[in-house]
Amino acid sequence: MDIKLDPSRDDLPLVANTSHILVKHYVLDLDVDFESQVIEGTIVLFLESGNRFKKRSSSTEVTCPSESNEACKFRMPEPCQIPVTNTKTFSSKIGYNDFVICGKGEKDTSGKDGNHDNQEQASGISSSKYCCDTGNHGSEEFLLVLDCCDLSVLKVEEVDVAAVPGIEKFTRSPKLRNQIVHELMALPADRWREQLDYYARCSQAPGCGELLFDTDTWSLQIRKTGAQTATDFPHAIRIQYRTKPQGRSVTWTSDQSGRPCVYTVGSPINNRALFPCQEPPVAMSTWQATVRAAASFVVLMSGENSAKPTQLQEDYSSWHYYVTMPMPASTFTIAVGSWTEMKPEICSSNDVATERSFSPSEADFRYIGVCGHMEYPCRFQKASATTQKIIPHRVFAPACLKGACQETLLPLIPPCLSAAHSVLGTHPFSRLDILIVPANFSSLGMASPHIVFLSQSTLTGMSQLCGTRLCHEIAHAWFGLAIGARDWTEEWLSEGFATHLEDVFWAKAQQQLAPHEAREQQELRACLRWRRLQDEVQNSPEEMQVLRPNKEKTGHVSDSGSSVIRHGLNPEKVFMQVHYLKGYFLLRFLAKRLGEDTYFSFLRKFVHTFHGQLILSQDFLQMLLENIPEEKRPELSVGNIFRDWLESSGIPQPLQRERQALAECGLAQQVSAEVAKWVRVNRRPRKRKRKDREEVFEKVRHRWCELIVKHKYTKAYRDVERFLQEDQAMGIYLYGELMLSEDPRQQHLARRCFELSREQMDKSSAEVVAEMLF
């Protein structure tokens with residue numbers, strides 16, 4: 001595919017031709033090499049052609065009402081489990097020339113060694129130039145297009161699944177490879193263990209012919225001579241590849257103890273520089289993975305099982321994970337490092353996953369019945385899962401952070417999980433790992449299936465920052481993961497909900513908090529967010545302030561399934577909070593209009609209806625309006641909410657009117673009075689011991705550094721240097737403060753710190769800071 005890039009655009013292309021063929025399951029077999037900073041191995045893709053999945057989804061499709069009346073068809077694959085065996089054992093015993101050849105072998109002729117690299121080009125592409133049809137063009141061969149970037153693809157071959165011993169026991173056509181894959185994927189959910197076992201066996205089968213392939217900046221294209229349609233194309237293919245040290249999906253760095261590690265950073269390009277995949281959210285898949293690394297390392301991953309290492313020869317270990325709930329490939333997460341599991345010094349009974357019976361007032365939590373998604377082992381169908389307030393959880397971090405984890409993080413997890421359950425009911429995922437990631441992590445947190453990354457910045461100070469951020473990431477289990485946006489430009493469907501719910505969860509997690517204190521705390525946070533939103537809209541491009549930028553075309557893709565994410569490659573977008581804040585205020589507005597009891601009762605119903613599915617804004621709004629009495633929705637309509645909240649830049653008019661009518665809340669008034677008092681106190685000359693300053697720094701690091709910059713307190717500039725190097729998740733804003741001061745010494749400080757840290761920084765963060773400084 002010849003891609004003509006438009007350097008004036010910063011859109012992220014999603015190129016996979018998902019309308020023609022879908023990956024339903026991935027089997028990864030990878031080696032992590034810290035010396036070369038490369039992850040290398042194979043990935044086997046199990047595919048289903050478009051005519052099959054459209055036909056099979058017709059009886060269970062979910063229609064998403066929209067201006068185009070386009071149906072949102074959501075087909076979920078059958079689930080999986082069991083660790084994969086080592087593909088290196090297989091390949092060492094059988095050379096490529098010894099494979100059973102079931103069809104004509106084909107070799108790529110565009111390079112002597114078959115090694116194709118995605119070429120580095122300018123980012124950005126216009127949808128009109130990019131979207132193209134890769135289906136059947138008369139006599140032309142079908143082209144499988146995968147999202148792929150910063151990878152060296154070494155070989156692509158068809159897998160001879162018919163050679164797997166015992167495969168004939170569940171297939172009517174043991175010699176037809178595509179039919180075998182189809183019947184394997186069609187196994188019912190209660191046979192998921194057997195299904196996973198056969199996925200693993202099939203992934204180890206010999207190849208039966210190399211496939212032609214090529215790469216460009218954003219894609220890997222694969223074809224087979226003579227295969228003119230997706231139905232004819234091989235439905236099980238193996239790709240041998242390796243990542244690049246500079247690949248943008250993972251970061252190779254050192255942890256806080258100085259030990260090497262690598263982890264997925266939530267890059268704007270998602271996982272396409274980790275493995276070739278289908279990135280569009282409609283490409284829901286399951287996966288299983290085997291990862292090998294030196295025995296001193298711990299491998300954490302998105303997986304339902306709490307994996308334990310299998311010892312291999314030569315001081316290497318193997319780790320196996322699997323996922324049975326179909327989700328976009330972008331949610332796959334891995335972290336390999338010298339992590340230490342942090343355990344509480346005293347095990348409390350509250351830390352153990354519990355089962356219980358519901359009280360009558362909680363009866364609306366239990367919507368056990370038919371789910372709206374396609375079949376997979378769903379926790380919402382299990383009575384024991386619906387009563388599980390606290391799911392099993394583990395905490396990992398570098399050894400040097402043990403004390404901070406035990407003091408701050410570990411005690412918060414049970415009450416935060418329990419609070420989330422009390423609000424939304426069944427936890428969508430069966431377990432949770434929490435990892436304190438290295439200092440170069442550019443955010444305060446990131447949620448993925450079964451695993452949450454937290455910045456070390458959340459461990460400093462009181463429990464407030466850690467607790468609210470933990471609640472935010474826990475909320476993503478429901479909104480962002482179990483329920484995802486069908487169009488990624490509607491980011492508010494994930495971040496707006498998580499921001500609104502973090503306050504609700506945190507208020508319930510603080511069991512000693514009286515109801516009026518919880519309300520005041522939430523009002524204070526609303527005041528702070530209101531000021532932040534005002535700053536955001538004053539200092540950002542108008543087109544990036546719109547929550548539904550594609551308007552009536554939201555959710556639309558080209559005939560092949562490709563599309564673009566507007567501004568997806570803009571490095572500043574990572575640090576914008578407009579989707580968080582405007583989404584939060586919209587949900588707060590709706591909850592107030594309906595009454596909180598009515599709103600959260602509806603929200604539990606919505607979660608049960610749409611878990612395991614992708615949604616658009618209108619799915620939420622339409623169901624909300626259908627479930628509230630007429631008298632509570634004057635002037636509320638999907639169209640009005642689109643106009644006032646989602647499709648306009650700036651401050652929404654209803655929010656503007658609400659904030660003007662509100663007097664400052666009582667807690668905010670107390671804070672203002674306290675600030676005034678300390679301003680007066682600080683005018684008095686006094687001596688402060690260095691120990692006092694260190695204690696202040698540890699408890700309120702970011703605010704302390706802001707005050708140092710604001711008042712040009714040169715004696716504490718070393719604190720600013722330390723913060724910028726150790727707390728990169730929050731440091732980017734401080735760089736802005738240093739440069740805006742126009743003080744030469746502060747600007748020199750900013751540039752010096754950046755030079756010391758830039759090699760370890762997340763790429764998007766480094767680009768934004770460099771633009772500020774130079």
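Which strands does helix 8 (residues 413–424) lie across, and at about what angle does helix 8 run to strand 19? In this predicted model, helix 8 lies across strand 19 and strand 20, and its direction makes about 135 degrees with that of strand 19. The two strands beneath this question are themselves partners: strand 19 (residues 393–397) and strand 20 (residues 432–436) pair in the parallel sense, over 4 bridges. Within that pairing, Val395 has Ile434 of strand 20 as its bridge partner. A further helix, helix 9 (residues 463–475), also packs on the sheet, where helix 9 touches strand 20, strand 21 and strand 22 (451–454). The direction of helix 9 makes about 25 degrees with that of strand 21.

These strands belong to an open sheet of 5 strands, in the order 18-19-20-22-21, with mixed pairing. At the edges stand strand 18 (340–342) and strand 21 (445–448); each has a single partner strand, so one side of each is left without a neighbour in the sheet. On average, and with direction ignored, neighbouring strands of this sheet are turned by 25 degrees against each other. Strands of a sheet pair through backbone hydrogen bonds, in either the parallel or the antiparallel sense.

Attention now turns to strand 2 (residues 21–33). Of its 13 residues, 12 are buried, so strand 2 is largely enclosed by the rest of the structure. One of its partners is strand 3 (residues 38–49), with which strand 2 pairs in the antiparallel sense over 12 bridges. In this pairing, Asp29 is matched with Thr42 of strand 3 as its bridge partner. Strand 2 and strand 3 form a hairpin with 4 residues between them, and Gln37 in the turn has a positive phi of about 55 degrees. Strand 2 is also joined to strand 13 (residues 284–294) by 7 bridges, and these two strands run parallel. Here Leu28 has Ala289 in strand 13 as its bridge partner.

The cysteines remain to be considered. How many disulfides does the model contain? The count comes to 0, a disulfide being a pair of cysteine sulfur atoms within 2.5 Å. Cys148 is in no disulfide, as the nearest cysteine sulfur, that of Cys149, is 7.4 Å away. Cys148 has a relative accessible area of 0% and is therefore buried. Cys261 likewise counts as buried, because its relative accessibility is 1%, and the cut-off for buried is under 20% relative accessible area.

How values were computed. Residues numbered from 1 in each chain as written. Predicted model: local features only at pLDDT ≥ 70, side-chain atom pairs only at ≥ 80, totals over all residues. Heavy atoms only, no water. Pairing = 2+ DSSP bridges. Axes fitted to C-alpha atoms, helices over the stretch in contact; angles between N-to-C directions. Contact = heavy atoms within 4.5 Å. Buried < 20%, exposed > 50% of the residue type's maximum accessible area, 1.4 Å probe, protein only.
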